[in-house]
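Student: I am new to this structure. Please choose one part, look at it closely, and then show how it connects with the rest.

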Amino acid sequence: MNYYDKKTMPAPQMEHNVKMTNRRLLEIDGVKEVDSFDSEEFLLQTVMGYLVIRGDNLQMKNLDVESGHVSIKGKIYELSYLDEQHGEKAKGLFSKLFK
């Protein structure tokens, strides 16, 4: 078999799962990158778009970049995806984070 006979297989896309337990523990799969975080807000780039987590006393409990798994503990108030349709909201958030 020569090089041109090989079919290129697309890379399998990571699963994106979000599991919340009692608003105190959040486990997320399919995370590409943690863009920013503090005790009140996390900004994660996932395979399904940017995810913003807001809360109080948020702490990163576990981060496994290779498997795309992140665990966050604290009081969780809001989970929100920033879609391309909400580009202005995303720009506002980024400008707020990176002043």
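Tutor: Helices and strands are DSSP runs numbered from the N terminus, with at least four residues for a helix (H or I) and at least two for a strand (E). In those terms, R23 lies in the loop between β1 and β2. The model is a predicted one, and its elements run β-β-β-β-β-β-α from the N terminus on. That gives one helix and six strands in the protein.

R23 is a place to start. Its phi is positive, about 55°, although R23 is not a glycine. R23 counts as partly exposed because its relative accessibility is 38%, and partly exposed covers values between 20% and 50%. N57 also has a positive phi of about 55° and is not a glycine. The place of N57, however, is in strand β5, and at 53% relative accessibility N57 counts as exposed.

From R23 the path leads to I76. With residues up to four places away in sequence left out, I76 touches M20, R23, R24, L25, L26, I53, R54, G55 and L58. I76 also belongs to the largest nonpolar core, which has eleven residues: L26, I28, V31, F42, L44, L51, I53, L58, V70, I72 and I76. Two or more residues of this core come from each of β2 (25-29), β4 (41-46), β5 (49-64) and β6 (69-82).

Another contact of I76 is R54, and R54 leads to the charged side chains. By the rule used here there are two salt bridges. In one, E41 pairs with R54, and the closest N and O atoms are 2.6 Å apart. This pair links distant parts of the chain, with E41 in strand β4 and R54 in strand β5, 13 residues apart. In the other, the side chains of E78 and R54 meet at 3.1 Å, N to O. Here too distant parts of the chain are linked, E78 in strand β6 with R54 in strand β5, 24 residues apart. E41, R54 and E78 are thus linked in a network of salt bridges. The members differ in exposure: E41 counts as buried because its relative accessibility is 8%, while R54 is partly exposed at 22% and E78 is partly exposed at 32%.

M20, also touched by I76, leads to the surface. M20 joins V18, M48, L79 and Y81 in a nonpolar surface patch of about 430 Å². The elements that give two or more residues to this patch are β1 (17-21) and β6. M48 sits in the loop between β4 and β5. M48 counts as exposed because its relative accessible area is 53%, and the cut-off for exposed is over 50%.

For the protein as a whole, 29% of the 99 residues are buried. The accessible surface is about 7200 Å², with 49% of it belonging to carbon and sulfur atoms. Of the contacts between residues at least 6 apart in sequence, 43% join residues at least 24 apart.

Last comes confidence. The average pLDDT is 83, and 72% of the residues score at least 70. Confidence is highest in β2, at 97, and lowest in helix α1 (residues 87-97), at a mean of 54. Where pLDDT is low, the predicted coordinates should not be read in detail.

Conventions. Residues are numbered from 1 along each chain as its sequence is written. This is a predicted model: local features need pLDDT of at least 70, side-chain atom pairs count only at pLDDT 80 or more; totals for chains, interfaces and linings use all residues. Side-chain values use heavy atoms; hydrogens and water are left out. A nonpolar core is a set of buried Ala, Val, Leu, Ile, Met, Phe, Trp, Tyr and Cys residues joined through side-chain atoms within 4.5 Å. Buried means under 20% relative accessible area, exposed over 50%, partly exposed in between (1.4 Å probe, protein chains only). Contact means heavy atoms within 4.5 Å. Patches are made of residues with over 30% relative accessible area and no salt bridge: like charges are joined within 9 Å, nonpolar side chains (Val, Leu, Ile, Met, Phe, Trp, Tyr) within 5 Å. Accessible areas come from the Shrake-Rupley method with a 1.4 Å probe; for residues, only the protein chains shown count as cover. A salt bridge is a side-chain nitrogen of Lys or Arg within 4 Å of a carboxyl oxygen of Asp or Glu. pLDDT is the predictor's confidence in each residue, from 0 to 100.
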